[in-house]
Amino acid sequence: MIAVLKQTATPQQLEHFVEWIENRGFKTHVSQGDAKTIVGIIGDTSQIDPFLLESMSIIERVQRVSEPFKKANRKFHPEDTVVDCGHGVLIGGGNFQVMAGPCSVEGKNLIEIARLCKEAGATMLRGGAYRLRTSPYAFQGMGEKGLDLLLEASAELNMPIVTEVIDPRDVQLFVDKSIDVMQIGARNAQNFTLLKEVGKTTTPVLLRRGVAGTIDELLMAAEYIMSEGNPNVILCERGVRSFETRARNTFDVNAIPVLKHLSHLPVVGDPSHATGYARYVRPAAYAATAAGADGLEIEVHTCPSEAFSDGAQALTPEQFSDAMRRIALIREAITADLDATGDE
Ligand code: PEP
Ligand code: MN
């Protein structure tokens, strides 16, 4: 971390600042130029609040030179992490997986939707049993009964399931029921109590970007999980809130290569929540695939107009099947060995 001092800083103020930093266990390196004095702060600066330093009267600005996320950082773990989602399904490190299913588990129709998703090529089944809805009057999910329906479908089709956990008190239930992948929703992306709780397990976690979360906030949320001991984190770009109103969210396709550059964790794109309308889901899915995502999460429903939640963005099984064939072609194009030069 680097602190640039104001030109008005006196030698005594500099001395006090250096003493203050060193008393906290850091080393310093002072570089005095003609116009600027810069103090390099050496040590684990993730514990320093840069805003606190910037609030000091002699500091002009503070800049981090290393990221505060360590365990999620590719610098300290250059090779891709491969997460084992169960049922022989691996994601990351060249393994591409598609998670599909209804937004909410609604009842007996789950198995039919799951079967059609699998036939189209989905390798994991998604569905929410515990729901976090913007309105308290909207469908709140089937709860434990919904988990059991997912588990039945999983056993019948030999597919791992991805389902959201919304409360730290439910994490043990998910572990006891051997849920394959626990999803952390966008609205819980900074629920640090929940992140720490799933971090104490070894169950893979699909961590979604916050509604208006930055890439760094997503990586710090991953760090919360990993710092508790769980290395099995999958990141998910699901669109962010922006000034744009023509789609439900703004799909940050850039985030996919950026996350893969900064982190070794697998990155999944969710074109359903990113766009909010079925007509835009396929193009956004192709973009995420072409951008190098390790997988996709797509909502599918046999009768979108009757869906308990997110019907507007659900693909029919036929649309999903068409999308899967094109996604396979895009994967072929971007993984083809062309003896290309210019790779980073
Ligand atoms: C979902 O997966 O259905 C969902 C609600 O996603 P998010 O938390 O990203 O809004
Ligand atoms: Mn949904």
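**Exercise 1. Placing a glycine.** In which loop is Gly-92 found?

*Solution.* The model is predicted: local features need pLDDT of at least 70, side-chain atom pairs count only at pLDDT 80 or more, and totals for chains, interfaces and linings use all residues. Residues are numbered from 1 along each chain as its sequence is written, chains are lettered from A and ligands numbered from 1 in the order in which they are written, and side-chain values use heavy atoms, with hydrogens and water left out.

Step 1. Gly-92 sits in the loop between strand E6 (90-91) and strand E7 (97-101). Helices (H or I, at least four residues) and strands (E, at least two) are DSSP runs, numbered from the N terminus.

Step 2. The relative accessible area of Gly-92 is 0%, so this residue is buried. The classes are as follows: buried is under 20% relative accessible area, exposed is over 50%, and partly exposed is in between (1.4 Å probe, protein chains only).

Step 3. Not counting residues up to four places away in sequence, Gly-92 touches Thr-81, Val-82, Pro-266 and Asp-294; contact means heavy atoms within 4.5 Å.

Step 4. From Gly-92 to Glu-306 there are 214 residues in sequence and 34 Å in space, C-alpha to C-alpha.

**Exercise 2. Describing the whole protein.** State how many helices and strands the protein has, and describe its extent, burial and charges.

*Solution.* Step 1. The protein has 11 helices and 14 strands.

Step 2. Its C-alpha trace spans about 75 × 50 × 40 Å along the principal axes.

Step 3. Of the 344 residues in the protein, 50% are buried. The exposed area is about 16,300 Å², of which carbon and sulfur atoms supply 51%; accessible areas come from the Shrake-Rupley method with a 1.4 Å probe, and for residues only the protein chains shown count as cover.

Step 4. Among contacts in the protein with a separation of 6 or more, 68% are between residues 24 or more positions apart.

Step 5. There are 34 positive and 45 negative charges, and their mean positions are 4 Å apart. Lys and Arg count as positive and Asp and Glu as negative, while His and the chain ends are not counted; a charge is placed at NZ of Lys, CZ of Arg, CG of Asp or CD of Glu.

**Exercise 3. Testing for disulfides.** Determine how many disulfides the protein has, and why Cys-236 is in none.

*Solution.* Step 1. A disulfide is a covalent bond between the sulfur atoms of two cysteines. The rule applied here asks for a pair of cysteine sulfur atoms within 2.5 Å.

Step 2. The count by this rule is 0 disulfides. For Cys-236, the closest cysteine sulfur is that of Cys-85, 13 Å away, which is too far for a bond.

Step 3. Cys-303 is likewise in no disulfide, the nearest cysteine sulfur being that of Cys-117, 15 Å away.

Step 4. The relative accessibility of Cys-236 is 0%, so Cys-236 is buried, whereas Cys-303 is partly exposed at 32%.

**Exercise 4. Following two side chains.** With which side chains do Arg-208 and Gln-97 make polar contacts?

*Solution.* Step 1. Arg-208 belongs to strand E11 (residues 205-208), and Gln-97 lies in strand E7.

Step 2. Arg-208 has a relative accessible area of 3% and is therefore buried. Gln-97 is also buried, at 9%.

Step 3. The side chain of Arg-208 makes a polar contact of 2.7 Å with the side chain of Glu-297. For Gln-97 the partner is the side chain of Thr-123, at 2.7 Å. A polar contact is a pair of N or O atoms within 3.5 Å; within protein, one must be able to donate a hydrogen and the other to accept it, and residues adjacent in sequence count only if both atoms are side-chain atoms.

Step 4. Beyond four places in sequence, the residues that Arg-208 touches include Cys-236, Arg-238, Asp-270 and His-273. Those in contact with Gln-97 include Val-89, Met-124 and Asp-294.

**Exercise 5. Examining positive phi values.** Where are Asn-158 and Ser-178 found?

*Solution.* Step 1. Asn-158 is in the loop between helix H4 (144-157) and strand E9 (161-164). Ser-178 is in the loop between helix H5 (171-176) and strand E10 (181-184).

Step 2. Asn-158, which is not a glycine, has a positive phi near 55°. Ser-178, also not a glycine, has a positive phi of about 55°.

Step 3. Asn-158 is partly exposed at 48% relative accessibility, while Ser-178 is exposed at 51%.
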